[in-house]
Amino acid sequence: LVCLVMYLFAEFDDAANLLAANPDATTISIDEPVEIPKNQHSRLQESGREEDDELLGTDDSDKTELLAGQKKSAPFWTFEYYQTFFDVDTYQVLDRIKGSVFPVPGKNFVRLYIRSNPDLYGPFWICATLVFTIAVSGNLSNFFIHLGKPTYHYVPQFRKVSIAATTIYAYAWLVPLALWGFLMWRNSKVMNIVSYSFLEIVCVYGYSLFIYIPTAILWIIPQKVVRWVLVMFSLCLSGSVLVMTFWPAVRDDNRRIAVATVVTIVLLHALLSVGCLAYFFDAPELDFPAPIIPAHNGTTVVTRSQ
Amino acid sequence: FAGLADVSISEDIPVEGEITVPVGSHSPDEDFSTLDEPVRDTILRDLKAVGKKFIHVMYPKKSSALLRDWDLWGPLVLCVSLALMLQGGSADSKDDGGPQFAEVFVVIWFGAVVITLNSKLLGGTISFFQSLCVLGYCVLPLTVAMLVCRLVLLAGAGTVSFIVRLIVVVAMFGWSTLASTAFLADSQPPNRKALVVYPIFLFYFVISWMILTFTPQ
């Protein structure tokens, strides 16, 4: 250590001597602006996992996160900052939708499709479409269920659109916010290998809601069995996308907390779909024709229950 | 700037010239002040501009007149008349009926603003008010459809009238979407056209749904 210090002093001496010899020489000092990219903390957590792990899709490295910080450099009060969230082409949006509907086991939706380019186009317009699809389908299904009853008068029920909009947009923004906060808090306690930015979580949630659009249209069919089969099916698909995305982010944590997190994610998702089915779609009434009762004098009486 | 220190103007070069600013070419507005014209001319000029744009919407061909001289009078008139015609629907309770006047207004204007922002964020080159102007003017076919629906409903509310209304609304919905796409599609980057057209489709679909589900008292 003393040698190092002596060496450093010698260097300074040399520089001072040079400067003393030629006082008019211009000295150039290079100021390195210390720019901290947005995801600087992810570099600290990077482990030495190999590239081929990422190809397998089973392990996640944060190497792609390194490039993310260089993109969004405009300050947040300019229009260009928000344009970076809409930097997607048509085929990319279609690919992401396809990835949310056909989940490949083992592949992570965020790593495979989003690749550090989260967009807000998909989540926003999928939620808007879902709001109007649920409201319109609910109205149509109520119309078909009550058609033919003499006391029924059709009403458009436009107020339900605002209720649907509030529910779905609250789910698509507040649940990712809570989940992101929770993951950040766990990250400070346990060094997790995988961490997602807030926009990536919003993106995953937004695209995972896409499966509910055809489901809501098919809910017009007034059969209870059909509706519940649809609920299960869509929950499996979109739930598996969410589980496969968030399991790598919590699996290094305490086993109980990891399982509880994943179960909560799936439960909230199920609550959304069941709640929408219960509120916007009236229950189809069961209409069983009663069995034929043979009367004593030979004539048959058929009673029909309401 | 040591090198320039020895430049000076020698005294035998006269400095002369004029300081007055030459008056530019007379534009028609400056010669013809609109303050002095009769009020009828002012109103008629604006009405003619609005009428010309209505005709452009009904026969959409690629012209830049709609885009260049935007105005929001037409959209306002269309929105107010559509919202007024959607009133008077039947409902058991206030919550179950058709859209209120304010709801129609908010859906149309907020929807148009959101679509404009969406197309600008995706990299479109059209300006904010031009896009609002086009989207507002292209509500004209749907307003005509609403008028036709109300007239048909005066005659009766059975299945036949529903089928007639359905056909009219679907046709006008297609016309609106095609008209606005014809005006707006050119200003988008080519590999994002579908991303911009889809919200316009959703917007006119919602307005068509409001028109089709209108049931009178």
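**Architecture of chain A and its interface with chain B**

Chain A contains 13 helices and two strands. The model described here is a predicted one. Of the 306 residues in chain A, 41% are buried. Among the contacts in chain A with a separation of 6 or more, 74% are made by residues 24 or more positions apart. The accessible surface of chain A amounts to about 17800 Å², and carbon and sulfur atoms account for 68% of that surface.

Two positions in chain A illustrate local features of the model. A:Gln157 is situated in the loop between α8 (121–146) and α9 (159–189) of chain A. Its backbone adopts a positive phi of about 50 degrees, although A:Gln157 is not a glycine. The relative accessibility of A:Gln157 is 15%, and this residue therefore counts as buried, the limit being under 20%. A:Arg186 belongs to helix α9 of chain A. With a relative accessibility of 9%, A:Arg186 is likewise classed as buried. When residues up to four places away in sequence are not counted, A:Arg186 touches A:Asp253 and A:Ile257.

The interface between the two chains was examined next. The size of an interface is often given as the accessible area lost when the parts come together. Between chain A and chain B, the buried area is about 2700 Å², with carbon and sulfur atoms giving 63% of it. On the side of chain A, the residues that lose the most area to chain B are A:Trp125, A:Phe158 and A:Arg159. Together these three residues provide 26% of what that side buries. In terms of contacts, 25 residues of chain A meet 33 residues of chain B.

Polar interactions also link the chains. Between chain A and chain B there are 11 residue pairs in polar contact, with both residues at pLDDT 80 or more. Several helices of chain A take part in the side that touches chain B: α5 (79–83), α6 (90–101) and α8 each supply at least two residues. The greatest contribution to this side comes from α8(A), with nine residues. By residue class, the side of chain A that touches chain B comprises 16 nonpolar, six polar and three charged residues.

Salt bridges were considered both across the interface and over the whole structure. A search of the whole structure yields six salt bridges over all chains, while the count between chain A and chain B is three. One of the salt bridges that cross the interface pairs A:Asp87 with B:Arg192, and the closest N and O atoms of this pair are 2.9 Å apart. A:Asp87 is located in the loop between α5 and α6 of chain A, whereas B:Arg192 is located in the loop between α8 and α9 (193–212) of chain B. The two partners differ in burial: A:Asp87 is partly exposed, with a relative accessible area of 38%, but B:Arg192 counts as buried at 12% relative accessibility.

B:Arg192 also forms a salt bridge with A:Asp89, in which the closest N and O atoms are 3.0 Å apart. This pair, too, crosses between chains, and A:Asp89 lies in the loop between α5 and α6 of chain A. Both B:Arg192 and A:Asp89 are buried. A further salt bridge, within chain B, joins the side chains of B:Arg45 and B:Glu37, with an N to O distance of 3.3 Å. Through shared partners, salt bridges connect A:Asp87, A:Asp89 and B:Arg192 into one network. In the pair from chain B, B:Arg45 is partly exposed, with a relative accessible area of 41%, and B:Glu37 is buried, with a relative accessibility of 10%.

Chain B also offers an example of a residue without accessible area. B:Ser180 lies in helix α8 (residues 159–184) of chain B. The relative accessibility of B:Ser180 is 0%, and B:Ser180 therefore counts as buried. Leaving aside residues up to four places away in sequence, B:Ser180 touches B:Val134, B:Cys138, B:Ile200 and B:Tyr204.

Note on methods: Residues are numbered from 1 along each chain as its sequence is written. Chains are lettered from A and ligands numbered from 1 in the order in which they are written. This is a predicted model: local features need pLDDT of at least 70, side-chain atom pairs count only at pLDDT 80 or more; totals for chains, interfaces and linings use all residues. Side-chain values use heavy atoms; hydrogens and water are left out. Helices (H or I, at least four residues) and strands (E, at least two) are DSSP runs, numbered from the N terminus. Buried means under 20% relative accessible area, exposed over 50%, partly exposed in between (1.4 Å probe, protein chains only). Contact means heavy atoms within 4.5 Å. Accessible areas come from the Shrake-Rupley method with a 1.4 Å probe; for residues, only the protein chains shown count as cover. Buried area is the accessible area (1.4 Å probe) that two parts lose on being put together, summed over both. A salt bridge is a side-chain nitrogen of Lys or Arg within 4 Å of a carboxyl oxygen of Asp or Glu. A polar contact is a pair of N or O atoms within 3.5 Å; within protein, one must be able to donate a hydrogen and the other to accept it, and residues adjacent in sequence count only if both atoms are side-chain atoms. Ala, Val, Leu, Ile, Met, Phe, Trp, Tyr, Cys and Pro count as nonpolar, Asp, Glu, Lys and Arg as charged, and the others, Gly among them, as polar.
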